[in-house]
Amino acid sequence: MRSVTLDYANMLSPNLGGRGLDPLELEGGLAEAFRRAYDDVESRRRSGEMGFFSLPDARESARAVQELADGFGQWFENLVVLGIGGSALGTITLRDSLLGPYWNESDDEARDHYPRLYILDNVDPRTVSSLLDRLDLRRTLFNVVSKSGSTAETMSQYMVVEDRLHEILGEEPTRGHFLFTTDPESGILRKIADEEGVPTLAVPSNVGGRFSVLSAVGLLPAAVVGIDIMEVLDGARDMAQRCQASVLKENPAGLLATLLHQADTVQGAPIHVLMSYSDRLRSFAAWYQQLWAESLGKARDREGREVNRGPTPVPAVGATDQHSLLQLLMEGPRDKVVLFLGAGGAEDPVEIPAIRQDFSALSYLGGHTLSELLDTEREATMEALRQQGRPNLSLEVDDLTPRALGELFMLFQIATVFAGALYGVDPLDQPGVELSKKLTYGLLGREGYERPQLGIGDHDWRV
Ligand code: PA5
């Protein structure tokens with residue numbers, strides 16, 4: 001069963017007035033390049049480096065997650081995830097895509113008595129305090145999610161929360177309010193958990209942050225709020241199977257990776273806009289942004305040669321951004337590809353009433369639904385770009401169910417590792433984020449780190 005379809009006609013030269021890709025290349029040079037990338041990914045997968053491929057089959061761990069969610073997770077009114085980057089964005093996506101926009105504002109009955117779910121993925125003091133001030137902390141579970149167990153932002157949030165809990169609970173231990181999701185063996189969270197008996201879930205060692213949504217990182221919070229996590233995994237497994245095809249034209253992740261890589265490196269279009277025509281998928285676009293940027297933006301290739309490569313992902317939402325980005329997409333530099341994402345299955349399509357019939361500028365709307373308007377605007381925008389010779393792709397999701405979201409997660413994760421192989425970079429590391437971390441440590445006085453000098457010292461270049 002498949003819920004996600006990729007349409008790439010608008011990347012091909014016959015549809016773009018001669019611009020774009022010659023379709024024959026998909027059976028020639030590009031098919032061969034993909035085959036090499038495919039073999040490379042296969043060998044890394046088999047050697048155990050790419051653990052995310054196995055997550056849909058890790059059903060025993062998923063059942064353990066479900067049990068914890070059904071028991072411990074339901075003692076609380078609120079679940080707050082403390083995490084950042086790959087430890088947060090997938091969970092935000094699961095919540096927003098599958099529970100709709102106002103879950104946390106809904107009353108107990110509308111939420112089927114499942115807890116509210118908040119994700120703190122920053123250390124902005126206003127956000128942190130406002131949330132902690134408004135929740136009843138006695139009835140709140142904090143899921144601290146950090147693969148490394150040492151990320152400054154997450155650990156600072158943890159310490160702030162623990163201190164607040166001490167104030168409220170007095171002598172009572174705080175461990176009953178925490179659940180750690182972290183590396184199975186290493187890191188400070190693991191140590192604290194072992195010493196103090198805090199319940200934990202493991203992120204497999206061979207699964208990196210931005211590839212971890214289908215591990216306990218995303219599954220635990222999802223299960224606590226009643227999302228069918230087995231369905232999510234089923235969808236991911238189906239997609240992984242579709243992406244087993246070694247023939248380019250049969251492999252959706254291969255096509256996505258190949259077309260976007262080709263657009264960047266051959267057609268001068270390194271900016272990859274993901275425009276979802278669904279508010280529920282706004283967060284998916286943010287998840288994609290991290291995955292694509294952190295995995296593919298690299299100074300060096302896998303042989304260590306300096307290359308400074310990588311596309312620039314841009315998240316957008318239709319129809320809203322038709323009134324913000326579209327002018328640039330239509331007439332600005334030809335350096336962008338737009339990947340449209342459409343999702344069916346709105347529970348209530350909302351009919352536009354046939355009133356105000358005396359205004360011809362309004363009467364054509366009456367009788368249509370808001371879903372029809374959104375879908376029609378997506379189709380019209382794709383066509384408008386096509387007519388301007390601007391490349392675009394379309395991903396259609398029949399119905400935005402847990403299964404379909406699982407398919408989407410897996411599709412993009414596999415496309416990312418294929419793209420890594422095509423660019424010749426390692427999509428699993430992120431060496432570029434280390435320097436700013438070290439400078440932060442030095443500035444905050446962490447032992448073993450020298451205080452750095454910032455910039456060029458005293459200067460007059462300020463106004
Ligand atoms: O994808 C990644 O590896 C990063 O974005 C991490 O998820 C992020 O830095 C948080 O790391 P950690 O889970 O170790 O706290």
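Begin the tour at helix α1 by selecting Glu32, Arg36 and Arg46, which are exposed on the other side of this helix from its buried residues. The model on display is predicted.

**Helix α1**

Next, select the buried residues of α1: Leu30, Ala31, Phe34, Ala37, Tyr38, Val41, Glu42 and Arg44. Viewed around the axis, these residues cover an arc of only 160°, which puts them on the same side of α1. Display α9 (252-265) and α14 as well, since what covers the buried residues of α1 includes these two helices.

To examine the length of α1, place a distance between its end C-alpha atoms. The value is 26 Å, in agreement with the 26 Å that 18 residues should span at 1.5 Å a residue. Then move on to Gly48, which follows α1 and has a positive phi, near 90°.

**Where α1 meets α14**

Select α1 (residues 29-46) together with α14 (residues 402-423). The two helices pack at an angle of about 115°, and their axes are 9 Å apart. That angle makes α1 roughly perpendicular to α14. The crossing in which α1 passes α14 is right-handed.

Which residues form this meeting of α1 and α14? On the α1 side, select Ala33, Phe34, Ala37, Tyr38, Asp40 and Val41; on the α14 side, select Val417, Phe418, Ala421 and Leu422. Among the α1 residues in this set, Phe34, Ala37, Tyr38 and Val41 are buried.

**Helix α3**

Keep α14 on screen and select α3 (residues 89-99). How many of the residues of α3 are buried? The helix is mostly covered, with 11 of its 11 residues buried. They include Arg95 and Asp96, together with Leu89, Ile92, Leu94, Leu98 and Leu99.

To see what lies over α3, display its surroundings in turn. The strands β2 (78-82) and β3 (116-120) are part of the cover, as are the helices α7 (216-224), α8 (229-242), α10 (282-296) and α14.

Now isolate α3 and α14. Their axes come within 11 Å and cross at roughly 145°, and α3 passes α14 in a right-handed crossing. At this contact, Gly90, Thr93, Leu94, Ser97 and Leu98 in α3 meet Pro402, Leu405 and Phe409 in α14.

Two stops follow along the chain. Gly100, just after α3, takes a positive phi of about 85°. Further on, in the loop between α3 and β3, select His113. Its phi is near 65°, a positive value in a residue other than glycine. Most residues other than glycine have a negative phi, and most peptide bonds are trans. Is His113 buried or exposed? His113 is exposed, with a relative accessible area of 57%.

**Strand β9 and the loop after β10**

Select Asn308, found in strand β9 (residues 306-309). Asn308 also has a positive phi, near 45°, in a residue other than glycine. Its relative accessible area is 53%, and Asn308 is exposed.

Proceed to Gly318 and Ala319 and display the backbone between them. A cis peptide bond joins these two residues, with omega at about 0°. Ala319 belongs to the loop between β10 (312-317) and α11.

**Helix α13**

From Gly318, cross to Glu377: the C-alpha atoms of the two residues are 8.2 Å apart, although 59 residues separate them along the chain. Glu377 lies in helix α13 and is partly exposed, with a relative accessible area of 23%. Which residues does Glu377 contact, leaving aside its neighbours within four places in sequence? They are Tyr277, Ala319 and Gln322. Ala319 is thus a residue to keep selected here, as it is also one partner in the cis peptide bond.

Extend the selection to the whole of α13 (residues 370-387). This helix has 18 residues and reaches 25 Å from its first C-alpha to its last, close to the 26 Å expected at 1.5 Å a residue. Its buried residues are Arg378, Thr381, Met382 and Leu385. Looking down the axis of α13, one finds these residues within an arc of 100°, so they line one face of the helix.

Display β7 (271-277), α11 (326-331), β11 (336-343) and β12 (392-397) to complete this view, for the buried residues of α13 pack against these elements. The tour ends just after α13 at Gly389, which takes a positive phi of about 70°.

Key: Residues numbered from 1 in each chain as written. Predicted model: local features only at pLDDT ≥ 70, side-chain atom pairs only at ≥ 80, totals over all residues. Heavy atoms only, no water. Helix = DSSP H or I, 4+ residues; strand = E, 2+ residues; numbered from the N terminus. Expected span 1.5 Å × (residues − 1). Buried < 20%, exposed > 50% of the residue type's maximum accessible area, 1.4 Å probe, protein only. Arc of directions from axis to C-beta. Contact = heavy atoms within 4.5 Å. Axes fitted to C-alpha atoms, helices over the stretch in contact; angles between N-to-C directions. Parallel < 35°, antiparallel > 145°, perpendicular 65-115°, else oblique. Left-handed = near helix turned anticlockwise from the far one by under 90°.
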